[in-house]
Amino acid sequence: MRPTTASPCITTNRIAASRDFYQTYFSARLTFDCGWYISLELGQGLSLQFMEPQQGQPVCNTEGLTYNLCVEDVDGEYRRITAAGLAAALPIEDHPWGDRGFAVKDPNGVLLYIYSNREPAPEYKPFVIASGAA
């Protein structure tokens with residue numbers, strides 16, 4: 001199987017807060033909203049969905065869930081997001097495995113790790129797998 005897209009859907013009672021958060025801080029475009037289910041597009045082929053629990057369905061336990069969002073200019077995104085009033089859950093810093101990043105939390109407790117790729121330190125270079133290798 002080779003899906004053309006993949007998008008997570010969080011079951012939550014925080015539909016409006018989720019919509020507002022992603023539209024405010026990530027310029028998400030609302031592509032579907034029937035009140036209890038929303039779809040937000042973050043970019044070409046990148047979307048997130050949120051839905052209220054249906055017929056006894058449990059709310060998603062997001063503890064430990066992290067979405068990694070690669071951006072071109074992580075320092076610019078850090079300045080933009082913190083200037084807009086969102087506090088970083090993890091500070092911006094360089095990592096030896098080959099990125100520079102920081103994290104924020106969405107209204108559901110999902111950790112959003114925002115990063116830009118960097119050259120990995122020598123001790124991590126042996127673990128880099130060439131793009132397209134499977």
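In the hairpin of β7 and β8, five residues sit between the strands, and glycine 109 among the hairpin residues takes a positive phi near 90°. This is a predicted model, so the angles and distances here are read from predicted coordinates. The two strands of this hairpin run antiparallel, with seven bridges joining β7 to β8 (residues 111-117). One of the pairings puts lysine 105 opposite leucine 111, its bridge partner in β8.

On its other pairing, β7 meets strand β6 (residues 90-95), again in the antiparallel sense, this time over four bridges. Here histidine 95 has aspartate 99 of β7 as its bridge partner. Three residues separate the strands in this hairpin, and glycine 98 shows a positive phi near 120°. As for cover, β7 (residues 99-105) is mostly tucked away: six of its seven residues are buried.

Positive phi also turns up outside the glycines. Serine 27 is no glycine, yet its phi is positive at about 50°. This serine belongs to the loop between α1 and β2 (29-33), and serine 27 counts as exposed because its relative accessibility is 59%. Glutamine 55 is another such case, with phi near 45°. The loop between β4 and β5 (66-70) is where glutamine 55 lies, and a relative accessible area of 84% makes glutamine 55 exposed.

Turning to the interior, the largest nonpolar core has 21 residues, and Phe21, Tyr22, Phe26, Phe50, Val104 and Leu112 are those with the most contacts inside it. At least two residues of this core come from each of α1 (15-26), β3 (37-43), β4 (46-51), α2 (74-83), β7 and β8. Helix α1 gives the largest share, five residues. Phenylalanine 26 gives a feel for how the pieces meet: setting aside neighbours within four places in sequence, phenylalanine 26 is in contact with Phe21, Leu42, Leu69, Ile81, Val104, Leu112 and Ile114.

Not every nonpolar side chain is hidden. Trp97, Tyr124 and Phe127 make up a nonpolar patch on the surface, together offering about 360 Å² of accessible area. Phenylalanine 127 is placed in the segment after β8, and this residue counts as exposed because its relative accessibility is 61%.

Then there are the charges. Side chains of opposite charge can pair when their charged atoms come close. The structure holds eight salt bridges. In one of them, the side chains of arginine 100 and aspartate 75 meet at 2.9 Å, N to O. Arginine 100 is in strand β7 and aspartate 75 in helix α2, so this pair ties together parts that are 25 residues apart in sequence. Arginine 100 is buried, with a relative accessible area of 18%, while aspartate 75 counts as partly exposed at 23% relative accessibility.

Aspartate 75 also has a salt bridge with arginine 118, where the closest N and O atoms are 3.8 Å apart. That pair links distant parts of the chain, 43 residues apart, with arginine 118 in the segment after β8 and aspartate 75 in helix α2. Arginine 118 counts as partly exposed, at 36% relative accessibility. Arginine 100, for its part, forms a salt bridge with aspartate 94, the closest N and O atoms being 3.2 Å apart. Aspartate 94 counts as exposed, with 53% relative accessibility. Through shared partners, these salt bridges join Asp75, Asp94, Arg100 and Arg118 into one network.

Key. Residues numbered from 1 in each chain as written. Predicted model: local features only at pLDDT ≥ 70, side-chain atom pairs only at ≥ 80, totals over all residues. Heavy atoms only, no water. Buried < 20%, exposed > 50% of the residue type's maximum accessible area, 1.4 Å probe, protein only. Pairing = 2+ DSSP bridges. Core = buried A, V, L, I, M, F, W, Y, C linked by side-chain atoms within 4.5 Å. Contact = heavy atoms within 4.5 Å. Patch = residues over 30% accessible without salt bridge, like charges linked within 9 Å, V, L, I, M, F, W, Y side chains within 5 Å. Areas by Shrake-Rupley, 256 points an atom, 1.4 Å probe, with all protein chains shown as cover. Salt bridge = Lys/Arg side-chain N within 4 Å of Asp/Glu carboxyl O.
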